Amino acid sequence: MTITDTGFELSESEVPAGRYLVNVVNQSSNPEASAGFVRLIEGKTLDDLAAADEMASGTPLPEEGPAPESYGWLYETYIAGGTSALANGPGQVVLDLRGGDYGVWADDPAAPLPAAGLTVTGDPDARVEGPEPEAALTIVEEGEGGVGFKFTVTGEAKAGPQIVKVLNASDQPHIVVGFQYPEELTTDQILASFMYDPSMGTPPPNLIDDSKLSFPGYAGVQSIGTTQWVLMDFAPESLALVCFIPDPEANQAPHFMEGMITVLPVGAS
Ligand SMILES: [Cu+2]
C-alpha cells in the first residue's frame with residue numbers, strides 16, 4: 001500500500017480472507033501518515049471513513065470534530081488494525097482480514113484523505129487462522145467502557161526494530177500511539193502536558209517539548225477481539241503508549257484519561 005497526498009493506493013482490489021503482511025509506503029507530505037482496515041456495514045460507505053467529501057463540498061466538519069453519533073458504528077464493526085510509516089520508509093503490519101467490504105482509512109473519521117475500497121472474499125464471521133509472528137513485546141488492551149482501560153505489557157522493548165503483538169481484550173476499539181522522548185517521562189507529566197494550554201499561564205514543571213518527540217510505534221485502531229502484529233523501531237529513549245479513542249460510556253473522555261497510558265523503559269538492543 002502506498003499513501004500519497006491524495007489517498008491510498010493498494011496493490012490489490014480484492015483478496016481472499018486471511019492473515020496478511022501489509023507493507024505501507026508513505027509518499028505523502030505527512031511524516032506520520034497512517035493506514036488501517038475498517039469493514040463497512042450496511043448503509044455506510046467509504047465517505048463515512050473520512051471528511052474528504054465534506055471538505056470538497058465546502059461543508060467542513062465542526063471544529064470540535066464530527067458528532068459522536070456519526071461515528072458510533074465504528075465501535076461495533078470489525079476493524080483489523082493498521083500502522084503508520086515514516087516518510088518514505090517501510091511500515092509493516094500483520095493483520096487478519098475477514099470477509100467483507102473494507103475501507104482503508106487514516107484511522108480518523110475526520111481525516112482529509114479519502115478512504116480506499118478493498119473487497120475481502122470469504123466468510124465474514126470466521127476467525128482467521130494462520131502462523132503467528134514471534135513478538136518481542138505483547139500489549140494487551142484491557143478494561144471496560146465507563147470503568148477504565150489499560151495496556152498490560154509483557155516482554156521487553158528493545159532499541160531497534162521488533163515485532164509488537166497487540167491484542168484487544170476489552171469492550172471498545174483501541175489505538176496504540178507509541179511516542180519517544182530523550183528524557184525520562186512519567187504518566188503525570190504526560191497528562192499535565194496534554195492538558196496544558198498556553199492561555200492557562202505558567203506551564204507545568206517538565207512540560208514536554210513537542211519538538212523532541214518521535215513516533216516510532218503505532219498500532220492502528222482495532223476492534224474487540226482482534227490481534228495484530230506491528231513492526232516498531234525504537235530508539236534508546238523513554239517510550240510512552242497512549243490511546244486517544246473517546247469513550248462513549250464516559251462522556252467521550254479519551255481512553256488515556258481512563259488509564260490507557262503507560263511509560264516503558266527501552267533496553268539496549
Ligand atoms: Cu483505547
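Here is a short walk through the structure, one selection at a time. Keep in mind that this is a predicted model.

**Stop 1: the two domains**

Start by colouring residues 1-131 as domain 1 and residues 132-269 as domain 2. Their C-alpha centres sit 21 Å apart. Now look at where they meet: 23 residues on the domain 1 side are in contact with 19 on the domain 2 side. To find the domain 1 face, pick out β5, β6 (79-84) and β7 (90-97), the elements that each put two or more residues into it. By type, that face of domain 1 splits into 10 nonpolar, 10 polar and 3 charged residues.

**Stop 2: strand β8**

Stay in the first part of the chain and select residues 100-105, which is strand β8. Is β8 mostly enclosed or not? Of its 6 residues, 5 are buried, so the rest of the structure largely encloses this strand.

Next, bring up the partners. Show β5 (residues 34-39), which runs antiparallel to β8 and is joined to it by 4 bridges. For a handle on the register, click Val38: its bridge partner in β8 is Gly103. Then add β9 (residues 116-121), which also pairs with β8 in the antiparallel sense, here over 5 bridges. Tyr102 is the residue to click for this pairing, as it stands opposite Leu118 of β9.

**Stop 3: Arg19**

Now select Arg19, which you'll find in strand β4 (residues 18-26). Buried, exposed or in between? Arg19 has 18 other C-beta atoms within 10 Å; a residue needs 20 or more to be buried and 12 or fewer to be exposed, so Arg19 comes out as partly exposed.

Which residues does Arg19 touch, leaving aside neighbours within four places in sequence? Show Val94, Asp96, Val128 and Gly130 as sticks, and you have its contacts. Finally, draw a distance from the C-alpha of Arg19 to that of Glu132: the viewer should give 9.1 Å, although the two are 113 residues apart along the chain.

**Stop 4: a four-stranded sheet**

Move on to the open sheet made of 4 antiparallel strands, in the order β14-β13-β16-β19. At its edges are β14 (214-222) and β19 (261-264), each paired on one side only. Going from one strand to the next, the twist averages 15 degrees.

To finish, zoom in on β16 (residues 238-242) next to β19, an antiparallel pair with 4 bridges. Click Leu239 and look across to Leu264, its bridge partner in β19.

Note on methods
Residues are numbered from 1 along each chain as its sequence is written. This is a predicted model: local features need pLDDT of at least 70, side-chain atom pairs count only at pLDDT 80 or more; totals for chains, interfaces and linings use all residues. Two strands pair if DSSP finds at least two bridges between them. Axes are lines fitted to C-alpha atoms, for helices over the stretch in contact, and angles run from 0 to 180 degrees between N-to-C directions. Domain bounds come from an automatic or database domain assignment. Two residues are in contact if their C-beta atoms, placed from the backbone, lie within 7 Å. Ala, Val, Leu, Ile, Met, Phe, Trp, Tyr, Cys and Pro count as nonpolar, Asp, Glu, Lys and Arg as charged, and the others, Gly among them, as polar.
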